[in-house]
Amino acid sequence: MLLTARPRFIWALLLGSAIISSASLADGAKDNLPDKVRPVPPPGVEVPAADRAELEAGVAKLGNDIDALRISLKDRPKLLALLPDVQIYHNAVRYALKYNEFLASKPNQAKQEFDSARRALRDGAQRASDLRDGKAPWLNVSAARGYVSKIDGSVQPYRLNIPASFKPGAAIGRKYRLDFSEHGRNEPLTELHFISTPPGKDHTIGGAAEKFVVELYGRYCNANKFAGEIDLLEARDAVMKEYPIDENRQLNIGFSMGGAACWQFAVHYTDLFAANSPGAGFAETREFLHNFQNESVKPTWYEQKLWRLYDCTDYAVNLFNGPTVAYSGELDGQKQSADIMEKYAAEE
């Protein structure tokens, strides 16, 4: 079923319950009571002494390798620019140890967490070794990547899917489509989880389609708001510097919390995207909280001002210039985001 709300804005309804974002993650009004709010992410599991000693030694060694590369590659700027691709592995394990971020809801998952950390350290060490030898083989395959953020100098990870047809130096003049995929709510999504997941596993990215796909981390689970918003812009810059990307064929896609991110990018960076496809998610604050959490919101005047940084409805008119296909499950409470964006777009 397709309904046209205004030029270039299409709302798609997927009948039945095939796509339903779980409301079980909503905590309701108790989100506003400090002593009632669940810790997000949840507390990590205790790391056995032997595992901790092993992982800390691995983190220290990889850190030393990174420091040595900064010196040895100082006169080789192209290789030095790839150092964040090593640092993402170092940070992922270091943060997990420092901030108690080995997350496991089942007993057998703890071992999987520690094994993921070991693999991350091995992968980071291999990349460090490759850079020492003047190589970077991961540039030509789908892999986890990193960049240094201009916001705070931190190293941020993203996953890059590379089409099978891409061969460096081949087909001179050919440019590829680029999709941005924004992830849904995932409270255990640490940097270790993120880089340990193969590119493409979390998303339907079009099978064998001839396109690059950037899967954003977005600074954890914030719907790519604020610093997470800049994550798309900086990851985009990083990919476009290295690969033959067509700036006129870039798409913006996300589902659930990623749908909220997609709405944000669609209305604020309309000129960057050939099309947008938000699934479910949320588009603003007041009506969503009432609908999804049965919460009566009574904001102060300054909170309402700040909502203009967060709410997409105030900028719905920009969809006139941005082809957008929104989709939701018929019974999904988050269908509200498409409904209210359709309403605001029609009122402009």
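User: Why is Arg 145 called buried?

Analyst: Buried means under 20% relative accessible area, exposed over 50%, partly exposed in between (1.4 Å probe, protein chains only). Arg 145 has 2% relative accessibility, so Arg 145 counts as buried. This is a predicted model: local features need pLDDT of at least 70, side-chain atom pairs count only at pLDDT 80 or more, and totals for chains, interfaces and linings use all residues. Residues are numbered from 1 along each chain as its sequence is written, and side-chain values use heavy atoms, without hydrogens and water.

User: What makes Asp 85 and Arg 145 a salt bridge?

Analyst: The definition asks for a side-chain nitrogen of Lys or Arg within 4 Å of a carboxyl oxygen of Asp or Glu. The N to O value here is 2.9 Å, so the pair fits the definition. Asp 85 sits in helix α3 (residues 84-98) and Arg 145 in strand β3 (residues 143-148), 60 residues apart, so the pair links distant parts of the chain. Helices (H or I, at least four residues) and strands (E, at least two) are DSSP runs, numbered from the N terminus.

User: Is Asp 85 buried or exposed?

Analyst: Asp 85 is at 1% relative accessibility and therefore counts as buried.

User: Why is Glu 56 called partly exposed?

Analyst: Glu 56 has 39% relative accessibility, so Glu 56 counts as partly exposed. Its salt-bridge partner is Arg 52, with the closest N and O atoms 3.4 Å apart. Arg 52, at 28%, also counts as partly exposed. Both lie in helix α1 (residues 49-72), four residues apart, about one turn of the helix.
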